[in-house]
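Work through the exercises below with the sequence and the coordinates at hand. Each task is followed by a solution in steps.

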Amino acid sequence: MIKLVTKNKNKWVVTSAWPYVNAIPHLGNLIGSTLSADVFARFLRMKGDEVVFVSGSDSHGTPISIEAKKLNVPAEELAFKYHNIIKDLHEKWQISFDNYTITHNPIHIEFVKKMYLDIQKNGYILEKEIESLYCKQDDLFLPDRFVEGICPHCNFEDARGDQCDNCQRLLTPLDLIKPKCAVCGHTPTIKKTKHWYLDLPKLQDRLKNLIEENEIIPANARQMCLNSIAEGLPERAITRDLEWGIPAPFENAEDKTIYVWFEAVLGYITAVKEWAEKLINDPDKFNYFWNDPTTKTVFFIGKDNIIFHLIVFPALLLAYNDNKKESEKLVLPYNVSSTEWLMYENQKFSKSRGIGIWIDEALELAPLDYWRFSLVYNRMEKSDASFLWSEFDNNNKILNDVIGNFIHRSMTFINKQFNNKIPEKIEPDEVDKAFILKITSISKKVGDLLEKFELRKALREIVNFGRDGNVYLNEKAPWHLIKKNKKAAGYVFNLCAQASYALAVLLSPFIPGTSEKILSYLNTSKLSELIWDSISENSLKAGHFIKKPEPLFQKLDIEEIKQKYEQLKEGKPNEGEKEIISYDEFKKLDIRVALVEKVEKVPKADKLYNLSIDLGTEKRTLVAGLAEHYKIEDLQGKKIVVLTNLEPRKLKGILSKGMLLAAVENDKVSILILDRDLPPGARIE
Ligand SMILES: [Zn+2]
Ligand SMILES: [Zn+2]
């Protein structure tokens, strides 16, 4: 492997917001944090920078402990169960974490305790006695979500002790009208309790300077933070009367835990520590990254998290760093990359109302790279945006028509006309020269955008480069040129092969699976060895053998995917429980033997057959998705089993009356046939 000599090799800690452990992230969460961070981390690695990319499941706090109390299982067990599901999903999305951990781990817990003791020693912790809601039935203080009631601002009935979901205002439990315990429903009483507070007012001026001096952070984030500082930062309670969490290390705080918001954020530090100590067995790598003032830490988060990452987190770092040697100070945030909200077809994502797509569902609907591409292509960088099926369809066309088509046509031509060998170079003409300039300048152009965290623009620039490739091909028309001048035609394909390689490099942070395919067809470097600056007009030498390419993408049937999505949503509430039906209900199903008389393909539908069937007393038309599973001649003349009294449905303009019964497992299909011969119309009972 060629070792790249870089002048400015940077050190990066790339992080994405910690998903709360009791919910699977949805597409908006993913592009707002993890996926964007992954694209960025992959790009930096290819540039030759040193990168550690971490995140994890936020496992403490009230939602998980309420659920655990209701299910009567230990919170820890529940947290790890969900953590493993989320971790597995991130692997399926090819998120290239160096460490995806969980806050309930010994390294994190010990570090948090020690850090807060140091912060206390440095004089930034206050103690206060306050009144708090308390449930006698459960013998429990009721912080945050442990209490529900009516919002004092908008009268919303289901407001929680930390926030009203209707008007979005932040609340404290004592604000609620008619408060109720979320565990048992009883009305709580008021009891005095002591809590520990972070003295944010004392850090206010230093935080202000920090924000003002940082020229990298986006203007809107800076303004939001400065406004918040101008209003005056309040003292913030960092302890809770909760069992599930990190024990507060302060004297006389034995029954308190650290408020989840004030420890999950420290996971950015401890995840690197755990990676260094446990995963790569090189504990010094922790200090190498976190104790070096030149390390760039960057946080990919939703816009609601800006204050927490640019004020609260740096406040904790400043408070900790006081009285520390230079070599022990933790580096302050370099930048945040925040996104606006993603909606689903102009509606808010809502699990309970079944609106939106969750990251486990998405992978059941379409292959990974179509999602990765589409989410970054429409990333919510400047304003809120909606996931639209029409856009998803359009993005599929871009992949097919712009990227897939260019690479496939170029490589197929080289295979057929030049015996799988990259053709030779000749003297370029003006058109060639213009295209060469595009090839040699593209990685800088895209790289500059990525360095400015403009992921969406960067991907669009790559698509434009694909378009330039198609324009070049069409302008040169080598399929005509080859009849007069084979060498000149060959040179066109030489350059198209170089451009295909360029696309493999450029796309690899975004859709690594596709890049891998392109590289394998080009019979060149592995994905893990790709170097960002390796694109030139000579990336592939003349005479280099390439392989026979397969199409990179397929045309997705959006209507079919939408239907599958609807089914997924309808099926969700009953997942896991089987409904029992009575014999009378079963008897309503009119299932009969039918003879298949004729089978035809349905035009413009790759998967559908149009079946003419005989039911003994009548003939009917059925549309069935069997074309990928059975040949026409295998079905003709066969006796099959049909549900005849199903509501007729129009498919691709054909009215289908009834449903053919078949067994389905993953992508295998087997139609039901009779074990003994019976005439059409015989009833199944
Ligand atoms: Zn409200
Ligand atoms: Zn209670």
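**Exercise 1.** In this predicted model, decide whether C135 counts as buried or exposed, and then treat C184 in the same way.

Solution. Step one: take the relative accessibility of C135, which is 1%. Step two: set it against the cut-off, since buried means under 20% relative accessible area. C135 therefore counts as buried. Step three: for C184 the relative accessible area is 31%. Because partly exposed covers the range between 20% and 50%, C184 is partly exposed.

**Exercise 2.** Determine which residues coordinate the zinc ion (ligand 2), and assign the geometry of its site.

Solution. Step one: list the donors. They are the SG atoms of C135, C181 and C184, together with OD of D138, at 2.0 to 2.3 Å. Step two: examine the angles. Among the 4 donor atoms they run from 99 to 118°. Four donors count as tetrahedral if all angles lie between 85 and 135 degrees, so the site of the zinc ion (ligand 2) is tetrahedral. For reference, the ideal angle for four tetrahedral donors is 109.5 degrees. Step three: write the spacing of the donor residues in sequence, C-x2-D-x42-C-x2-C. Step four: place the pair C135 and C184. C135 belongs to strand 4 (residues 125-135), while C184 sits in the loop between strand 8 (177-181) and strand 9 (189-198). With their positions 49 residues apart, the pair links distant parts of the chain.

**Exercise 3.** Describe the second largest pocket by its volume and its lining.

Solution. Step one: the volume is about 2,000 Å³. Step two: 45 residues line the pocket, and those closest to its centre are E560, Q563, K607, L608 and G625. Step three: identify the elements. Those that contribute two or more residues include helix 12 (359-365), helix 20 (558-571) and strand 19 (619-624). Helix 20 supplies the largest share, 8 residues. Step four: sort the lining by class, which gives 22 nonpolar, 8 polar and 15 charged residues.

**Exercise 4.** Find where L503 lies and which residues it touches, leaving out those up to four places away in sequence.

Solution. Step one: L503 is part of helix 18 (residues 486-507). Step two: its relative accessibility is 0%, so L503 counts as buried. Step three: the contacts of L503, with that sequence exclusion applied, are I403, F406, I407, I462, F465, G466 and S515. Step four: for a distance check, N220 is 283 residues from L503 in sequence and 33 Å from it in space, C-alpha to C-alpha.

How values were computed. Residues numbered from 1 in each chain as written. Chains lettered and ligands numbered in written order. Predicted model: local features only at pLDDT ≥ 70, side-chain atom pairs only at ≥ 80, totals over all residues. Heavy atoms only, no water. Donors = N, O, S within 2.8 Å, 3.2 Å for Na, K, Ca; no water. Tetrahedral: all angles 85-135°; square planar, octahedral: opposite > 155°, others 65-115°. Helix = DSSP H or I, 4+ residues; strand = E, 2+ residues; numbered from the N terminus. Buried < 20%, exposed > 50% of the residue type's maximum accessible area, 1.4 Å probe, protein only. 1 Å grid on protein atoms, 1.4 Å probe; cavity = no way out; pocket = protein on both sides within 12 Å on 5 of 7 lines; lining within 4 Å. Points joined across faces, edges and corners; volume = space filled by probe spheres on them. Nonpolar A, V, L, I, M, F, W, Y, C, P; charged D, E, K, R; others polar. Contact = heavy atoms within 4.5 Å.
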